[in-house]
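Colleague: Before this model is discussed further, I should like to see the grounds for the terms applied to it. Please set each term against its definition.

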Amino acid sequence: MGEEAREPVTAQNLAARQERDAAARPRPTVGELRADGRFDVEELRAPGLRDGREVRLVSARPAGIAGPLPLLYYMHGGGMIMGNAWSVLPRLLREWARPEQLAVISVEYRLAPQAQYLGPVEDCYAGLVWATEHAAKLGLDADRVVIGGKSAGGGLAAALALLTRDRGGPVPIGQLLLSPMLDDRDDTFSSHQMAGRDTWDRSSNATAWRALLGDRYGAADLPPYAAPARATDLSELPAAYLEVGSAETFRDEAVAYANAIWQAGGEAELHVWPGAFHGFDTLAPRATLSQDARDARSRWLRRILGR
């Protein structure tokens with residue numbers, strides 16, 4: 001991938017990296033996502049619950065399937081500072097929507113530093129509330145909703161599970177946390193061990209957290225909806241699937257989060273893929289380990305939806 005791929009994100013190059021990502025990251029159109037009629041796709045707008053700002057959602061489902069479908073409500077990755085709701089959909093539709101016969105809603109949450117905490121997680125919450133309230137019209141089964149995401153999206157999914165529990169909002173049946181970004185403190189053993197090695201290392205991670213939290217960065221009283229690793233109560237949460245690589249910055253915080261769920265009496269399935277780095281299955285999709293990881297996620301999803 002070259003040295004450019006290892007260059008950390010810093011406060012000095014953040015704007016340039018965001019511009020580069022926006023130009024390079026695929027952003028398929030609705031027509032392209034429909035894939036010659038194999039999927040029904042539409043862009044939706046949900047009203048914000050706090051500031052009235054609309055939240056953009058991209059809804060997609062296999063075409064020609066009658067009846068309400070279970071929903072995967074998904075948050076994209078990108079460290080809270082990059083990414084978009086459209087780029088993740090081709091893979092989600094190919095790997096899960098059609099094989100498992102489920103609907104997908106991808107959330108276009110606001111990015112830092114233009115929007116800071118609580119902005120992104122509030123966007124995700126507002127979209128989930130609206131989607132479940134309009135489930136009948138959208139052809140969704142509101143009793144079979146899984147929230148999920150990768151990297152920053154995994155962190156947002158974990159925060160969303162906490163937020164829905166504490167606000168008495170929609171009740172997901174599962175949370176799919178793929179290499180989740182959970183801990184703003186950036187001081188685990190793996191974050192030091194993988195410094196300068198992982199595709200997303202502690203320098204980039206600190207830059208992203210500072211962009212999201214602003215003056216709250218490092219605050220002792222930071223709420224768990226900002227950084228779920230700060231949570232002291234992980235009881236009564238949806239069944240969780242956590243995945244991380246052994247050669248990844250986020251390894252130790254993901255393992256600790258799964259352990260905290262178990263200690264609270266909850267259900268969590270944890271996979272630590274040996275030798276895997278951040279984004280391994282995207283950058284090396286044909287590797288046997290990547291295929292094993294995709295299979296494990298799909299099996300968990302089938303079990304949860306089949307209950």
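Modeller: I begin with two helices: α4 passes α6 in a right-handed crossing. The model is predicted, so local features need pLDDT of at least 70 and side-chain atom pairs pLDDT 80 or more, while totals for chains, interfaces and linings use all residues. Residues are numbered from 1 along each chain as its sequence is written, and side-chain values use heavy atoms, without hydrogens and water.

Colleague: What makes the crossing of α4 and α6 right-handed?

Modeller: A crossing is right-handed if the near helix is turned clockwise from the far one by less than a right angle, and left-handed if anticlockwise. Helix α4 (residues 119-133) and helix α6 (residues 152-167) pack at an angle of about 60°, with axes 10 Å apart. Axes are lines fitted to C-alpha atoms, for helices over the stretch in contact, and angles run from 0 to 180 degrees between N-to-C directions. The helices themselves are DSSP runs of H or I with at least four residues, and strands are runs of E with at least two, numbered from the N terminus.

Colleague: Which residues of α4 and α6 make the contact?

Modeller: Contact means heavy atoms within 4.5 Å. On the α4 side the residues are P120, V121, E122, C124, Y125 and L128, and on the α6 side L156, A159, L160, L163, T164 and R167.

Colleague: Why are β1 and β8 called edge strands?

Modeller: The open sheet has 8 strands in the order β1-β2-β4-β3-β5-β6-β7-β8, with mixed pairing. Two strands pair if DSSP finds at least two bridges between them. Strands β1 (39-46) and β8 each have a single partner strand, so one side of each lacks a neighbour in the sheet.

Colleague: How do you know that β7 and β8 are paired?

Modeller: Strand β7 (residues 239-245) and strand β8 (residues 268-273) share 6 bridges in the parallel sense, against the required two. One of the pairs joins A240 to A268 of β8.

Colleague: What makes the crossover from β7 to β8 right-handed?

Modeller: With the strands pointing away from the viewer, a right-handed crossover runs clockwise from the first strand over the helix to the second. Here the chain goes from β7 through helix α9 (residues 251-263) to β8, and this β-α-β crossover is right-handed.

Colleague: Why is A296 called buried?

Modeller: Buried means under 20% relative accessible area, exposed over 50%, and partly exposed in between, with a 1.4 Å probe and protein chains only. The value for A296 is 2%, so A296 is buried. A296 lies in helix α11 (residues 288-305). Leaving aside neighbours within four places in sequence, A296 contacts Y241, H271 and W273.
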